[in-house]
Structure formats: structure tokens, C-alpha cells
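Trainee: Got a minute to go through this one with me? I'd like to start with the empty spaces inside.

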Amino acid sequence: MAVPSSDRARRPFLLSLSLFLFISAILVLLFLFLDPSPGSLAFLPSRLSGSAPSLPPPRQQDLTPTPTRGSPPHSQPAEASQPTAAEARGESGSRGSDDDDRGTRGSEADGKTGTSVAAAGAGGDDEELPPASVRWETCSRLGKGVSSTDYIPCLDNVRAIKALRSRRHMEHRERHCPVAPRPRCLVPLPFGYRTPVPWPRSRDMIWYNNVPHPKLVEYKKDQNWVTRSGDYLVFPGGGTQFKDGVGRYIQFIEQIMPAIQWGMRTRTVLDVGCGVASFGGYLLDRNVITMSFAPKDEHEAQIQFALERGIPAFLAVIGTQKLPFPDNAFDVVHCARCRVHWYANGGKPLLELNRVLRPGGYFIWSATPVYRQEKRDQDDWNAMVTLTKSICWRTVVKSQVVNGIAVVIYQKPASNSCYAERKANEPPLCSKTDVSRFPWYAPLDSCIFATAVSSSDERNNWPVPWPERLNVRYASVPGDSASNKEVFEADTKYWKQVVSEVYFSDFPLNWSSIRNIMDMNAGFGGFAAALIDQPLWVMNVIPIDQPDTLPVIFNRGLIGAYHDWCESFNTYPRTYDLLHMSNLVGSLTNRCDIIEVAAEIDRILRPGRWFVLKDTIEMIKKMRPVLKSLHYETVVVKQQFLVSRKSFWRPGKPASGSR
């Protein structure tokens, strides 16, 4: 059929118009998606396209002075850190959570389904980086008596421990870190591992399979420490000295010593030989934060029980070296049948308590020498009387025997006047050289630290009652200079703002499932202070190569410890819900391999929980591929924060997101 001449004339025009409209549409789309102006990016999620609060974070390097750091004693290499061929294929070690069909799924137990770090980064300006090429292997062949699922490299170095010349002063319970090579293996999961019981239920019960150690149940079955009930370990609140329960014991102490004022004058407590840490767990109800510590394996896994319960705890021993805490740190030191011979080795163990106890602080001693009449107990008591008098500790109260136990409470002097009035200068006051020694791998002192607080000083009533002492106005910073105080105030303001506006608003974290946090470079403790109203606690860590701000943290009523992140931390595997590292990667990787740091992060972190890195984008690009090689879900938020979630993956196992 013939086409009319008018239609043939219009056809080129229509084709030209269609082509014009098509090209225009393409240009509009290109403009929308490629134009970098804020208006054209309005459709992106705010957490990915925005910027962090404008207040710049203070630089810790501005603080002075940095103390002379101690050096670790020479340690021999670990007996072995390489797995067998079968373990490298994932055929041995722990079978992990993949075999536990009854386990609580992580997302369901958290009460927040679909909390995916990867999903949070979808569609944004988050640059994807491939995983690092790392051949991860499972920790194995660690030496006789060392469980691969509970491996702590610096406390389980069997070869170094065997080489010790003496164990007289608990040297075998101190740190002996592998140095060649440092561990970079991954700790397997216990068979049947589950997402932990949430707080506050966890204070009283935990999953047995998460900490499958039955010996303490049998050993302490008559003392109500811990019992087993089906799939759970149950903690009734009893103990060797807690005949009527730990709650009544805490109340009893306040009755015989009203000045203790739990949660007001007493905020920070050091519990020596803490058992399963029920004392510290119940003090949380009184707004008291307790650093409970005990040696590894003295009573099987007691510190692991405590951390699984959600109670602050730490592996340590008063042996030949100082505790990793600053001078004058704790308001109260407590010992209930902790089996430490305080007068041994010239009284050095008690002198170490004197060092970390604040001026005017109390030592609560609840032990058999206080109330038993056997010759051995009385000899211990008489030795204790002599030693406490020599260091000017005053006996405040010695209770009557109640239900088979009694308590004595000593007070450390708040001034130096008593030291000057002693007839004999024994033990002597520490010299300036002694005082300057940093408590990291430093030997115990045989001298008394003089207090900086005089009887006429207005700070004689220090510390300020809680919670006022958390406030900026009452903090004492190194040097007390105006510039340092400005840095401190800026730090506090910055973390309060960024936690509120970014961490709580933009991070793909389920905060309700977070019970404990380790701040790996805590500075002034501003991050922990910003979280103080949350139902969680923070272990504030000051790296040994950073300015010494840990005294400030304790002055604020918070807790923490010194540490070198090129070594393993004194905690069991799978004991923290959130690890937080701020501006540390650069200085850290100048001294050790980032692979080793990532292995330690993975060891400490619970499966299904989070690691947050705040740093420059260059440092984030260093860390992110390594975490991806561990099958972590990762997302970059506001170009300053790397948020990562640990999976249940182990070498030879699928990367299950939850269990």
C-alpha cells in the first residue's frame, strides 16, 4: 500500500524529535547521579553521605609528660602456633556453633532481626575493598593442658613457663608472651556455643556450653558459688565468705563501716581473688564498678565465668610484677579468702595494694586469720598486724564473728605525717626514681609511695562523691595545666556529641545486646563517660606508647588498665561485645603486624558482636581488608568510622552470620 506523501515528509521530523528527547533524558540522569553537589546526593542515606560532628577530636599527643615505659622480660616463643593439616581444613579443633542446631540464633537472641552491617552500607558511597590475602588457621598444638578454645597467648606460653627457674612467687601465672613468631591463629568456638544470655539475666545464669567447665561446680558445690541446671550454669550469689549470700555480706560491711558509702564515696573497687565475681556483680546495683581479678586456672575458668555473666573481670596475679594500674587508683580493695600471703617476700604484695589504693581508701579483709584461732591463722594475723602498722594503715573496725566469719577494715593514711613519725623507716619511702617507674612489667616495690595529698590540702576529701566526680570540673589532668584541661574538656564534649549523633543514630549496632565494651585507646575516658547512662560497662585501656591518662580515668570513677596491643590482653576468648579503637592503628602498626592485631581483636570479640574503628580513611583502608578476610561484615560510616560485625566463621567452616 502506498504511503501518503505528507506522512513521508513528517517522518524525519519525528525521528529527530525522538532522538532529541532520548538524549535529553540520558543527560538528565547523568546529571542526577554524577553531580557531586549535596543536592544531587539527597537520596543517599544520611549515615553514609553525611559527616561526623564538626567538633574536632582533641589530640592525645598534646598531653605531657609521657612516662618511661617498662620493657617486658624476655619470653621464649610459644611451644607451637601452627595447626595440623587436618585442622587447617577445619576437621578438628572445636566443631563450633554450626553443629548446635539447638543454639539461639544471634539475631533472634539480640531481639533485633536483620541487623546487618553489610546492609547498612548498601547503596552508599562506601568504597568496596577486596579481602586481604591471609591464610587463617586454627590455634592448635599449644602445649599440654592448654585448651585451644580458651587460648590466651601471654598466659599459655607453655615453653616459657617450663623454662622458669622458680614458681615460688607465682611467676608461672604472670605474662610470658610469645615473641617469635607472635600468634596470628584463630581460636575455635566451643562445641554448642550460643549467643550469650542477655543482661541482667546473665548475672544469675549463663549457657553451660559457652563455658563448659564443670570442675568448679564440683569443687565449690557446698559453698553456693555455681551450680549446673540443665543447659545453664546458675550463680546463686554464694561464696566461701558469703554464708548468707553476697547481698547480705555487702550490706553487713556498710553496717559495720557506714563511711564506706557504697556508690557515693566508694565508686571503684579492686576485688582480689574474686572467685566468680559475685561480689562485684552485686555491687553494680549500688553504682559501684569493681575490677575483679584472679589468676588463670587457680579455680577453673572463674574469670571466664565472670565475664560471661557480664561482670567486669581481669586475669592477673600479685606475683613479682606490678599490677597494670596507676598509683592511688581504687577507693576500696577487697579480699575474701583470696589466699594471698600479704606479708610474704618482705611484704611486697601488701605494698602493691598500698600503691594502687587511694589516700584515705579502705582495705576490707575477710579471711580465716581474722577469726580463727588455729596457730597458723594466728601467726598470719600477727604478721599482718605488724606489717599494717609499719605502713601506717589504721584498723578502722574488726567485726564480731557472725555466722562463722568476721571482717577487718583498714584505712590507708590520707597524708604523709604518719610516715615521718615512725620510729623505724621500714619499709622506707620510695625515692623519686622508684616513683617514676611505669607499672608495665615493673618489679614489685619494697618501699611506700608517699601521697601527694597533705593534711592541710583542700583535696584531702578527694575523691568527690559519685556521680559528681565524673564531671569535668572535678577531674585532675596530668600537670593540671590550662592547656591540658582544655584538651580534656574538648575530649569530653566531643565524645558526648559524637556518641549521641553518630554512634546511637547511624551505626548498624544493636545497643541493647551490648553489655561490655573495651575502649582500646581510651584517652581521658570520654567515650566511656558518654555511655555512663547505658546498662553496660567499659574497660578503658591505655596503650603503653600513648600519654598516661589512666589516673584521670580512675579519678573520674571509671576503671581500666595499661596494655601493649602488640601482645595479647589478659582476658579469655569471646568475652567482649564491642571493641572500640580510636586513632591507634598508625602508631600500633609501626611496632607490630596488623594481622596480629586483627587476630587479637578476633580472639577477644564475641561472635555476632562488633568492632568499631575511628581513624583516618587511610587507616580504615588498612584494617578493612584484613577484617574482610576474617569474614566480618564491614561498612564505613561518614568516612571516619569502620563498623564491623564478627561472624561465626572459623577456618574450614561456613561464614554463618549468627547462631
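**Holes on the inside**

Trainee: How many cavities of 30 Å³ or more are there?

Mentor: Keep in mind that this is a predicted model. To count as a cavity, a space has to hold a 1.4 Å probe that cannot get out. With the cut-off at 30 Å³ or more, the count comes to 5 cavities.

Trainee: Which residues are closest to the centre of the largest cavity?

Mentor: That cavity holds about 230 Å³ of space. Its lining is made up of 18 residues, and β6 (313-315) and β13 (560-563) each supply at least two of them. By type, the lining splits into 11 nonpolar, 3 polar and 4 charged residues. Closest to the centre are R175, Q321, K322, P324 and N570.

Trainee: And how do the lining residues of the second largest cavity divide by type?

Mentor: The second largest cavity has a volume of about 190 Å³. There are 19 residues lining it, with P153, P183, S568, E596 and E600 the closest to its centre. Sort that lining by type and you get 13 nonpolar, 1 polar and 5 charged.

Trainee: Switching topic: is S417 buried, partly exposed or exposed?

Mentor: S417 sits in helix α14, which covers residues 417-421. Along the sequence S417 is 25 residues from C392, and their C-alpha atoms are 9.6 Å apart in space. For the label, buried means under 20% relative accessible area and exposed means over 50%. S417 has 41%, which falls in between, so the call is partly exposed.

Methods
Residues are numbered from 1 along each chain as its sequence is written. This is a predicted model: local features need pLDDT of at least 70, side-chain atom pairs count only at pLDDT 80 or more; totals for chains, interfaces and linings use all residues. Side-chain values use heavy atoms; hydrogens and water are left out. On a 1 Å grid over the protein atoms alone, a cavity is a set of points where a 1.4 Å probe fits but cannot get out, and a pocket is an open set with protein on both sides within 12 Å along at least five of seven lines; lining residues have an atom within 4 Å of a point. Grid points are joined across faces, edges and corners, and a volume is the space filled by probe spheres set on the points. Helices (H or I, at least four residues) and strands (E, at least two) are DSSP runs, numbered from the N terminus. Ala, Val, Leu, Ile, Met, Phe, Trp, Tyr, Cys and Pro count as nonpolar, Asp, Glu, Lys and Arg as charged, and the others, Gly among them, as polar. Buried means under 20% relative accessible area, exposed over 50%, partly exposed in between (1.4 Å probe, protein chains only).
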